[in-house]
Every structure is written in structure tokens, then in C-alpha cells.
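Trainee: Could you take me through one part of this structure closely? I would like to see how a single helix sits among its neighbours.

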Amino acid sequence: MTALADIGARLLRSRWLVRAPIWLYRIRAGALLGGRVLMLEHIGRTSGARRYVVLEIVDRPNPESIVVASGFGTRAQWYRNVLADPHVRVWLGSRRPTAAVAHMLDQQRVDRVLAGYRARHPKTWDRFKLVLEETLGRPITDTEAPLPMVELRLQPDR
């Protein structure tokens with residue numbers, strides 16, 4: 001593993017750093033982070049409290065669907081919370097949050113989505129793949145990638 005991947009993985013484990021963008025979304029300034037990230041609001045499976053995490057958008061197959069990945073695998077707290085309660089809210093840019101329902105992707109779809117991401121963002125993938133392998137503790141190959149993904153299906157306003 002390279003030193004850069006190790007540093008990247010440590011930064012992703014830095015709670016204050018990864019939580020900093022949440023405040024931008026809360027003041028409706030999420031657009032400053034660009035169109036490739038979102039904030040996911042979910043409910044703590046034990047506490048019942050609202051929780052927040054900022055994630056990269058891996059795919060946007062249609063306007064009502066967004067795919068995100070769990071860079072820490074199935075042990076990520078947001079991922080475990082969404083498994084327990086798939087009713088979430090998605091904050092995109094500076095808009096108000098939208099209700100969504102989370103659906104876990106099967107392995108075949110994960111591999112397809114990841115292939116599409118690699119094709120669309122090859123330079124980002126080359127750098128970030130090493131970081132993901134460090135956080136997951138396993139290599140990421142073209143098939144059977146150990147990177148859980150979640151499709152967030154946006155619900156119409158009521």
C-alpha cells in the first residue's frame with residue numbers, strides 16, 4: 001500500500017474532517033461542494049436520533065435515483081443504520097432535503113456501477129481505489145468488489 005493511500009484512509013477516519021461538510025448542508029450551502037456529493041440523513045438504529053453523513057455520488061442512473069458506496073464496507077455506521085431503517089432524506093446542493101428509500105444493490109449491479117464509475121472518472125478512481133482498499137482491508141477487482149452500494153430512490157414531494 002502506498003503512503004498516499006495510508007494518509008487518505010487516515011483522513012477518512014478523522015471524525016472532525018469528514019463531518020465538516022455537514023455544516024455546509026445545514027446552512028443550505030451544500031452547492032459549494034459540487035454536484036458529486038450529497039448529505040444523507042438517516043436514523044440511528046439504536047439511538048433513534050437523526051444522523052448525517054456526506055457521501056460521494058457514484059452513479060445517477062436517472063433523476064429519481066442516486067447510488068452511493070460505503071467506503072468502510074458493511075461496518076460503516078450509516079450503512080448499518082440504513083439497513084435497519086431504509087427511510088432516509090437526501091440533501092443535494094443547496095436545495096431542501098428530499099425523502100428517499102434506500103435499496104442495497106446486489107453484487108452484479110455493484111460491479112456494473114463500479115465499472116461505469118471507473119470509465120467516467122478514471123483519474124479519481126486511480127487515486128481513490130488505493131484509499132478504498134486500505135479502508136476495506138481488501139483489494140478491489142473488476143468483479144466481486146467488496147464495496148457495498150446503496151441506491152437512494154427519491155420520493156415525490158407530498
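Mentor: Happily; here is a look at helix α4 and its surroundings. This is a predicted model, where local features need pLDDT of at least 70, side-chain atom pairs count only at pLDDT 80 or more, and totals for chains, interfaces and linings use all residues. Residues are numbered from 1 along each chain as its sequence is written, and side-chain values use heavy atoms, with hydrogens and water left out.

Let's begin with the sheet. Six strands close into an antiparallel barrel, in the order β1-β2-β3-β6-β5-β4 (strands are DSSP runs of E, at least two residues, and helices are runs of H or I, at least four, numbered from the N terminus; two strands pair if DSSP finds at least two bridges between them). From one strand to the next, the twist averages 45°. Antiparallel strands β1 (residues 37-43) and β4 (residues 87-91) are joined by three bridges. α4 packs on the sheet, touching β2, β3 and β6, and its direction makes about 80° with that of β2 (contact means heavy atoms within 4.5 Å; axes are lines fitted to C-alpha atoms, for helices over the stretch in contact, and angles run from 0 to 180 degrees between N-to-C directions).

Now to the neighbouring helix. The axes of α4 and α5 (residues 122-136) come within 5 Å and cross at roughly 115°. Residues making this contact include Tyr-117 and Arg-118 of α4 and Trp-125 of α5.

Finally, Arg-118 lies in α4, which spans residues 107-120. Beyond its neighbours within four places in sequence, Arg-118 contacts Trp-125, Thr-141 and Asp-142. The side chains of Arg-118 and Asp-142 are joined by a polar contact of 3.4 Å (a pair of N or O atoms within 3.5 Å; within protein, one must be able to donate a hydrogen and the other to accept it, and residues adjacent in sequence count only if both atoms are side-chain atoms).
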